[in-house]
Amino acid sequence: MRILVVDDDLLAGEMIAAILQEDGHEILLASDAMDAMTQVDHHEDIAVIVSDMHMPLIDGIELYRTLQEQGIHLPFILLTGNAPEFIDAEKIGLTACLMKDADMDVTLRDAISSILNH
Amino acid sequence: MALDIQRFIQRFIEEALDHLGRMAEGIAALERDRANTERINELFRSAHTMKGSSRMLKLTPITATAHSLEELLSALREGQQSAGPEIIGLLYQGMDALSDLVGLLADGSAPEALPAANPALCQALEAAASGQDNPCASSTPLPADVSTATLSPTAEPSPTATPAAEEPGEMRLNDSVRVRLERLDEVIRLMGEVLSGHTHMHHLAGWARRFAGNTQAPDQSELAAFSRELREGVLTQEALMVELHDRALQMRMLPLNIVFDPLSRLARDMARSLGKQVDCRVRGSEIELDRQMIDHLSDPLVHLLRNALDHGIEPPEVRLAAGKPARGQLTLEAWQDGGWVMIEVSDDGAGIALAALREKALHKQLLSREQLDALSERETQELIFRPGFSTSALITDFSGRGVGMDVVKRSVVDTLSGDLQLTSRPGQGTCFTLRLPLSLAMMRVLLFQAGGLTLGVTAQYVVELVELPASRFIATAGGWALTLYNEFIPVIALAELLGLPSTAVATSDAPSEARDPGRLLLVVHQGHEKLALIIDALVEEGDRVIKPLPKHLRSLPLISGMVTHQRNDLVSLLHVPALLERMRQTSMPSTQKAPSTRAHRVLVVDDSLNTREIEKDVLEAWGYHVTLAENGEDGLQKALAESFDAILTDVEMPRMDGFALTARLREEHAYRHCPIIIITSREKETDRRRGLDVGADAYIVKGSFDQNILVDTLKALLG
């Protein structure tokens, strides 16, 4: 499965990619929301988007909303660094909202497999 | 996380160091312009990114510290706080704490073994973020650095127990150079141009061969065209070679942060083990220096930092009692000044106590009381550069160990071809200033002949090349001297100083020569000290690549390197500081002379060190007892403190000039009839009259200076 990972911190992006690659997924990296939009336009086979919340200019939620407005309804996993801003994922239609921490190899895998099982 | 953590940690360290470097710049920029929102945003992003990636790697202390720092930056961004000095201080401390943690990680500490985030610092950051007054602002010292070491040795691993803190004071650079790709590309592009120029040369060679093969006389116009093209080709090629050379040398240039960054961490480690609180600020770390210099720079800088921490910055209680903030400031700053790089290590500590220095010098019997009295404030401060001098009352871990400031000075002067100066104000701090050439590899060199050899000196030591008749030389106790630029400068034939066979007339019979050809003098200096060397001829001057001596020759003190001359000649470069040292040794015996039983006491007042020293030599050779003063005010104080039989004074001096001094002394009963001699470069009759009007007994013009006149005048006046 092809997954687009959006994170302005290249290192974080690569770590997320490494987790997903272990499970045999193919990863595309985008460094900001604009880049992510371009990638989505160019690669029709993207199945899931995993995006950081905090990014300069356009944040993760904005990215999600913009995609929705453009009729792109891909499964969207939002990652966030701060606990207090934890977002009620289901309410706005996100697949999942995960804490960006050392447990991500478990939480992110769970989220991805739940998408696959749908 | 089930990933290759180690690999990502390595990446994290690299990126974190990058962020920390930018943070240092950002905070410094914010310090200058507190409303710089762009900088605040950048700082926020750096803190945020470090927080994010450290959390994924479970580097909890880094995450926690970065989080608190991020909170404060967020408050700044939202305008809930403004970046006043206290906030800036907190930002620096937060950054320093992060650098320490990342540093431990870089030194191989396991993520689990990192000490916990400093709770007091995190609280202070967050309190400031929420707009509360800094709870530990002025009255209580900020617990930041010290708390980890003193408050919580049981709760968390003390930093002194972690691997990196075991050996504060050690630093190592690896032996490779990272070159920016664009620089390498530029060299490769130039190589390409050189090669195509070379093809053109081949074409010209072919053309020349046709001339040679042609039995008939060549066509004049073709010959002219050939010659023009050859000339142009050679000039183009030369320009390319010069540029290529410059670029190649530039590849050896490295930014100072390679030395500065580890140093600021080192300073914090050292401060911690000394129980002092210090903020270490680094500025100008983007300045570039030759790799070779960078290598030799860290040792002297480490010593200067140690010195500042050990002797300069006081313990927090002492600082608070003196009305200073508890945290000391240590600044490491670099800037470029023409072809030189200046590096300043300054602290806001206690400064150098002159009285303590004098006591120490006496106690160690480095100088007599008389010699000490003759030293200016600056010269007294510079005592700390003397071998065997250390002001620390206790031998502590750092400064007292083995090497002293003399070694620092020597390594700056000898190894780095630089200069080390010191300024200090009691109670306000000390500042060491290093002046270094950009590169040791390529320098301007003057080649000349002496004693049948071609020799060289690097340009930074050369004052002037002058030709003067030997009759201008003056005999002094230690040898010969001359007056130049209003100063007395010792003169010696270079061949004689080096023990080479003398080719020209020796100095010993110089002044009496009836036929007096000009002598070629190379005037060299180091700091305030000057020396005129008699040489045979100038060969040439130009930029040269300096080749280090082969290993087995490196212990030769007089030679600092080699340059090639013409095709294959090797020329030795003389090391001027070593020449000056040798000169001092050869003229030393003169000071051993015992003063006669009824020695007249003479006070010599002159702002030029050289002049003072030489007048002293001359007078001591005649059995006078000499005391030195460096300006009118100093002279007056000394004259009032003790009694003198005669006074010699210069006219132009800072603070109080010679005329004013003379007039003032005449008001004193003790000096109403004491001989006062003015020695000056002012030849005008009006000046002479003024000198006599204010009460001088004699007026000697330096240009016509002859020791006999001085001594005869003194003898006549003293009876």
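Let us start inside the structure: A:D7, A:D8, A:D9, A:D52, A:H54, A:G81, A:K100, B:H48, B:T49, B:K51, B:G52 and B:R55 line the second largest cavity. Here a cavity is a set of points, on a 1 Å grid over the protein atoms alone, where a 1.4 Å probe fits but cannot get out, and lining residues have an atom within 4 Å of a point. This is a predicted model, in which local features need pLDDT of at least 70 and side-chain atom pairs count only at pLDDT 80 or more, while totals for chains, interfaces and linings use all residues. Residues are numbered from 1 along each chain as its sequence is written, chains are lettered from A and ligands numbered from 1 in the order in which they are written, and side-chain values use heavy atoms, with hydrogens and water left out.

The structure holds four cavities of 30 Å³ or more, and the second largest has about 100 Å³ of space, a volume being the space filled by probe spheres set on the grid points. Its lining has seven charged residues (Asp, Glu, Lys and Arg), five polar ones and no nonpolar ones. Helix α2 (residues 37-56) of chain B gives the most to this lining, with five residues. Helices are DSSP runs of H or I with at least four residues, and strands are runs of E with at least two, numbered from the N terminus.

One lining residue, B:H48, is worth a closer look, and helix α2 of chain B is where B:H48 lies. Is B:H48 buried or exposed? B:H48 counts as buried because its relative accessibility is 9%, where buried means under 20% and exposed over 50%, with a 1.4 Å probe and protein chains only. Apart from neighbours within four places in sequence, B:H48 is in contact (heavy atoms within 4.5 Å) with A:H54 and B:E70. From B:H48 to B:E71 there are 23 residues in sequence and 9.4 Å in space, C-alpha to C-alpha.

Now for chain B as a whole: it comes to 22 helices and 23 strands, and 50% of its 719 residues are buried. In helix α15 (residues 405-415) of chain B, the buried residues include B:M405, B:V408 and B:V412.

Finally, chain A has a mean pLDDT of 88, with 94% of its residues at 70 or more; pLDDT is the predictor's confidence in each residue, from 0 to 100. Among the elements of chain A, strand β1 (residues 2-6) has the highest mean, 95, and helix α4 (residues 89-92) the lowest, 70.

Terms used:
1 Å grid on protein atoms, 1.4 Å probe; cavity = no way out; pocket = protein on both sides within 12 Å on 5 of 7 lines; lining within 4 Å.
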